[in-house]
Amino acid sequence: MTKIDTRLNVAPVPPDEIFALNGAYAVDPHPQKVSLGVGVYRTDDGKPWPLPVVEKAEQQLVKDNDLFRHEYTAIEGDVPFLGIARDLMFGFEGKPSEEDAKARIASVQTVAGTGANHLGALFLAHHMKPTNVWLSNPSWANHQTIWELAGVPRKTYPYYHAATRSFDFDGMMDTLESDAQEGDVVLLHACAHNPTGLDPNKEQWVAIADLCERKKLFPFFDSAYQGFASGSVVEDAWAVRYFFNNKPDMEMCVAQSFSKNFGLYGQRVGAFHYCTNRASTSIRDIVVNNLCHLIRGEFSMGPRVGCSIVKKVLTSDELTAEWHQDLQVMSSRIKSMRQALYNELVRLQTPGTWEHIIQQNGMFSYTGLTPKQVYALKDKYHIYLLKSGRASISGLSQKNFAYVAQAIDDVVRNEI
Ligand code: LMR
């Protein structure tokens, strides 16, 4: 290994694949380059899309000219925002037990979804000391990093059945049943599983909840795509709400991100919610107080601007309705691009089956392309996707889907 002239004991770590790929794409001068790497929404012109409703909220915020807009918030974050974020996630409005439900949830603001996952991992590592965390195989690569940094041993449960390109429900259940121990954390993707785009159906979610309850496992939901996946914030929160409402004796937590559903990627808007098993504001407040201790020692409090935007939208019925329309625009464009790519591969009679592209859900398709094929797509066609074969479908457009299908056809047909 290269000797490094420093007092530090450091060796190189592999660069983050998603952001390294994004950097390589940015400097590629090829006119037909296509980015299917990082999970960000793009328009049919391949451009970022500040949501129209977000732009409206920004204009209103400028008009408001709030003198306090650059001031510190409380350590737990912007308190009204936290109530709004919690209500969006758990959706208990109008239920007779609304106040009790709210008393079960300790919420703090985080530095987006990554920050929520990290804070949650650190909090559980300190205060629950799980023997293991169980991650799906595969999962978002950053889950490994986050739990490694929190010092919790990682194990994986089967999730993807390569031969059928489907969700391996039996594999997941059998492994957790036989190998997970009481107190282990099970990381679950609330919807639009990253990277496979395969989610359990409702019946399977019910069985997963039963298993967690029976084996006393701790469900940790990562919710990064609420509303973005199906277009409906209710549908995409189904699993979280089912666990919360139907298993009140089971504690759980949720890492909530607003990066994708509000298109606020660089603003780092998120929240962490810990759900206790009884409606006790005093227990809830102790949980918040301990989370604040970690927050204060690390970043003092979450950033303010993005939260103000979300708050502006979700406190206005009119803007909320517009946001729902924007979610429809994003989710339906992605669905139509899945269909376009699939149709073109069928038309080209590309060897293999491609139905999975239209069956998967959310931002990504787990294409089934091999690392060699992925490399050839980049080398020969300047098409960028992760070496696992994960493609961010939002990088496809009316202009480039035929080019991408043709390139896939080439690398598959020639058995690259
Ligand atoms: C992705 O998976 O591409 C996105 O969630 C961006 C990220 O932070 O990795």
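I started at Gln 349, which sits in the loop between α12 (317-347) and α13 (355-359). This is a predicted model, so I kept to local features with pLDDT of at least 70. Phi of Gln 349 is near 55°, a positive value in a residue other than glycine. I then looked up how covered Gln 349 is: at 65% relative accessibility, Gln 349 counts as exposed.

**More backbone oddities**

I noted a positive phi at Ser 300 too, near 65°, and Ser 300 is not a glycine. Ser 300 belongs to the loop between α10 (281-298) and α11 (305-314).

Why jot these down? Most residues other than glycine have a negative phi, and most peptide bonds are trans.

Next I went through the cis peptide bonds. I found one joining Asn 137 and Pro 138, with omega about 5°. Pro 138 falls in the loop between β3 (133-137) and α6 (141-149). I found another joining Asn 194 and Pro 195, where omega is about 25°. Pro 195 is placed in the loop between β7 and α8 (202-215).

**Ligand site**

Which residues are around the ligand? My list reads Ile 18, Phe 19, Val 38, Gly 39, Trp 140, Asn 194, Lys 260, Phe 364 and Arg 390. Sorted by character, the shell divides into 5 nonpolar, 2 polar and 2 charged residues.

I checked where the shell comes from. Domain 1 (17-49 + 332-410) and domain 2 (72-315) both contribute residues to the shell, so the ligand lies between them.

Then I went after the ligand's oxygen atoms:

- I put a backbone N or O atom of Gly 39 at 2.8 Å from an oxygen atom of the ligand.
- I have an N or O atom in the side chain of Arg 390 at 2.9 Å from an oxygen atom of the ligand.
- I have a polar side-chain atom of Asn 194 at 3.0 Å from an oxygen atom of the ligand.

How much of the ligand's accessible area does the protein cover? On its own the ligand has 260 Å² of accessible area, and the protein covers 84% of that. I also flagged Asn 194 twice in these notes: Asn 194 is in the shell around the ligand, and a cis peptide bond joins Asn 194 to Pro 195.

**Aromatic pairs**

How many aromatic pairs does the structure hold? I got 24. I picked out Tyr 41 and Phe 228, an edge-to-face pair with 6.4 Å centre to centre and 80° between the planes. Tyr 41 is in the loop between β1 (34-35) and α2 (52-64), and Phe 228 is in the loop between β8 (218-223) and α9 (238-246), so this pair ties together parts that are 187 residues apart in sequence. I checked burial for both partners: Tyr 41 is buried, at a relative accessible area of 4%, and Phe 228 counts as buried at 1% relative accessibility.

I took Phe 218 and Tyr 274 as a second example. Their ring centres are 5.7 Å apart and their planes are at 25°, so the pair is stacked. The cut-off I needed here is that planes under 30 degrees apart count as stacked. Phe 218 is in strand β8 and Tyr 274 in strand β10 (residues 269-275), so the pair ties together parts that are 56 residues apart in sequence. Both Phe 218 and Tyr 274 are buried.

I also followed the ring pairs that link Tyr 41, Trp 49, Tyr 225, Phe 228 and Phe 364 into a cluster. One of these, Phe 364, is also on my list of residues around the ligand.

**Buried polar side chains**

Is His 189 buried or exposed? His 189 has 7% relative accessibility, so I logged it as buried. I placed His 189 in strand β7 (residues 185-189). Its side chain makes a polar contact with the side chain of Ser 139, at 2.9 Å.

Ser 257 was my next stop, in strand β9 (residues 252-257). Ser 257 is buried as well, with a relative accessible area of 5%. I traced the side chain of Ser 257 to the backbone nitrogen of Ser 259, which it reaches at 3.0 Å.

Last, I looked at Ala 85, in helix α3 (residues 79-90). Ala 85 counts as buried, at 1% relative accessibility. C-alpha to C-alpha, Ala 85 and Ser 257 are 9.5 Å apart in space, though they are 172 residues apart in sequence.

Technical notes: Residues numbered from 1 in each chain as written. Heavy atoms only, no water. Near = heavy atom within 4 Å. Polar contact = N/O pair within 3.5 Å; in protein donor to acceptor, adjacent residues only side chain to side chain. Areas by Shrake-Rupley, 256 points an atom, 1.4 Å probe, with all protein chains shown as cover. Nonpolar A, V, L, I, M, F, W, Y, C, P; charged D, E, K, R; others polar. Domains from an automatic or database assignment. Phe/Tyr/Trp six-rings, centres within 6.5 Å; stacked < 30°, edge-to-face > 60°. Helix = DSSP H or I, 4+ residues; strand = E, 2+ residues; numbered from the N terminus. Buried < 20%, exposed > 50% of the residue type's maximum accessible area, 1.4 Å probe, protein only.
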